Amino acid sequence: NLHQLSNGIRILHKQIFNSKIVHCGFVLDIGSRDEKAHQQGIAHFWEHMAFKGTKKRKAYHILNRLDSVGGELNAYTTKEKICFYASVLDNYFDKAIELLTDITFDSVFPEKQIEREKNVILEEMSMYLDAPEDAIQDEFDEVIFPDHPLGRNILGTQESVPNFTREDFKTFIQENLNTGKIVFSYVGNMPYEKVLKVAKKHLEAIPVYTAKHHRLAFEQYRPIQKSVFKPLSQAHCAIGRTAYPLMHDARIPFFALINILGGPGMNSRLNMALREKHGFVYGIEASYQPYNDTGLMAIFFATEGKQLKRSIKLVMQEFDKLKKKPLGTLQLHKAKEQLRGQLAMAEENNMNLMLMMGKSLLDAERVESLDEIFDMINSITANRLLEISRDVFQEDMLSMLTYIPEK
């Protein structure tokens, strides 16, 4: 069920009957790619600051409000979205939505808290930099999207974060907040009418915000090879390139292809080739992240320095196989079944479902049902996958970033 308030905020509701827990939250169509160069990291910093004080609550009261009834309050920032969400027992839904509304729209950004939180975020950055498997993912974004907001680190930089002031947060919100681009999503056992009544009570008073951000489209991709020496015991490698955007008709077939190549299943082709057959890696993953105007396909693994070249060769061989010969009928059937199973399992997680619904409504102006996605998976042909493989896995179009252990 969907209802739009006069201020533009949409309320999205899905009733499930087998749980006493309700999951709800605001999904905002604002992300780190909407920052100007000097604002790098402010979207993520705002997500932190939402918990640090509002017009009527201090940080302690925000954190304690749902914790004290066994609930959870959380938030995250991506390149294109910010989400504030909560999970509570159904009889505390009113409490949860009131608190979420408070932190999303009435943060006051206390200067003292900003100073304290700067250190927390710099620590978070150091933690990521210390973990090469995280650091390489962030740095690979820069390789694929150089000098573009999509290539910038969501956390910001050691230079940008210490400089933020209260005014910077207010400016960023003024420049980007648009109530027509906000969804309040709900998954739980309460009926639609009841959820709507409670939601209206808290959300109707929110003023209309009409900021329009113009996202800079990413235009010119060109492949880059980059190696960095680091004090590590293992070599780390990222291979990838730009891929299809969110609304492209190749999106679902490409997800299926990436799943065959290096999805979460232990039977993925890359896992079989590099781990099971040769013992070169502990794990290897292929991922596909679609954005509004482009996408990112990437493969990540770590291996001993002396096995790096052979490992890369094996990855390229798997690309070649997908480009040369269409999947057999049985292979294709199994690949579809596997993807369907994984998607159904993801939808079992009601919190994921709630966030996914909100995101889908903002991106596609509708929520795709699992059945619709299954239909799209069913219609994938071996020839379509062959076409896509030849389009995306061209060796001379792939970028590579390697971390080489220092001798």
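This is a guided tour of a predicted model, with selections to make in the viewer and notes on what each one shows.

**Stop 1: helix 1**

Select residues 42–49, which form helix 1. How many of the residues of helix 1 are buried? The count is 8 of the 8, so helix 1 is largely enclosed by the rest of the structure. The buried residues include Ile42, Ala43, Phe45, Trp46 and Met49, and also His44, Glu47 and His48.

Now add the elements around helix 1. Its buried residues pack against three strands, namely strand 3 (21–28), strand 4 (72–77) and strand 5 (82–89). They also pack against helix 3, helix 4 (111–130) and helix 6.

**Stop 2: strands 4 and 5**

Keep strand 4 and strand 5 on screen. The two run antiparallel and are joined by 6 bridges. A hairpin of 4 residues leads from strand 4 to strand 5.

Colour strand 4 by face. Leu73, Ala75 and Thr77 make up the covered face, while Glu72, Asn74 and Tyr76 make up the uncovered one. To follow the pairing from the covered face, select Leu73 and look across to strand 5, where Ala86 stands opposite.

**Stop 3: the second largest pocket**

Next, select Lys55, Phe105, Asp106, Ser107 and Tyr209. Of the 24 residues that line the second largest pocket, these lie nearest its centre. Helix 3 (93–105) and helix 6 (166–176) are the elements that give two or more residues to this lining. Which of the elements gives the most to the lining? Helix 3 does, with 5 residues.

The volume of the second largest pocket is about 530 Å³. Coloured by class, its lining shows 11 nonpolar, 6 polar and 7 charged residues.

**Stop 4: strands 9 and 10**

Move to residues 284–290, which are strand 9, and add residues 295–303, which are strand 10. These strands run antiparallel, with 7 bridges between them, and a hairpin connects them through 4 residues. For one point of pairing, select Ala286, whose bridge partner in strand 10 is Ile299.

Show the side chains of strand 9 and follow their alternation. Ile284, Ala286, Tyr288 and Pro290 point to one face and are buried. Glu285, Ser287 and Gln289 point to the other face and are not buried.

**Stop 5: Tyr288**

Stay in strand 9 and centre on Tyr288. Why does Tyr288 count as buried? Its relative accessibility is 7%, and buried means under 20%.

Beyond four places in sequence, the residues that Tyr288 touches include Arg251, Phe254, Phe255 and Ile258. Leu296 and Met297 are also among them, as are Ala243, Tyr244 and Pro245.

Select Tyr244 along with Tyr288. They are 44 residues apart in sequence, and their C-alpha atoms are 8.9 Å apart in space. A polar atom of the Tyr288 side chain lies 2.7 Å from the backbone oxygen of Tyr244.

**Stop 6: Thr294**

Finish in the loop between strand 9 and strand 10, where Thr294 lies. Is Thr294 buried or exposed? Thr294 counts as buried because its relative accessibility is 5%.

Show its contacts, leaving aside neighbours within four places in sequence. Thr294 is in contact with Thr242, Ala243, Tyr244, Pro245 and Leu246, and also with Phe145, Leu150 and Phe218. Ala243, Tyr244 and Pro245 were also among the contacts of Tyr288 at the previous stop.

Methods: Residues are numbered from 1 along each chain as its sequence is written. This is a predicted model: local features need pLDDT of at least 70, side-chain atom pairs count only at pLDDT 80 or more; totals for chains, interfaces and linings use all residues. Side-chain values use heavy atoms; hydrogens and water are left out. On a 1 Å grid over the protein atoms alone, a cavity is a set of points where a 1.4 Å probe fits but cannot get out, and a pocket is an open set with protein on both sides within 12 Å along at least five of seven lines; lining residues have an atom within 4 Å of a point. Grid points are joined across faces, edges and corners, and a volume is the space filled by probe spheres set on the points. Ala, Val, Leu, Ile, Met, Phe, Trp, Tyr, Cys and Pro count as nonpolar, Asp, Glu, Lys and Arg as charged, and the others, Gly among them, as polar. Buried means under 20% relative accessible area, exposed over 50%, partly exposed in between (1.4 Å probe, protein chains only). Contact means heavy atoms within 4.5 Å. A polar contact is a pair of N or O atoms within 3.5 Å; within protein, one must be able to donate a hydrogen and the other to accept it, and residues adjacent in sequence count only if both atoms are side-chain atoms. Two strands pair if DSSP finds at least two bridges between them.
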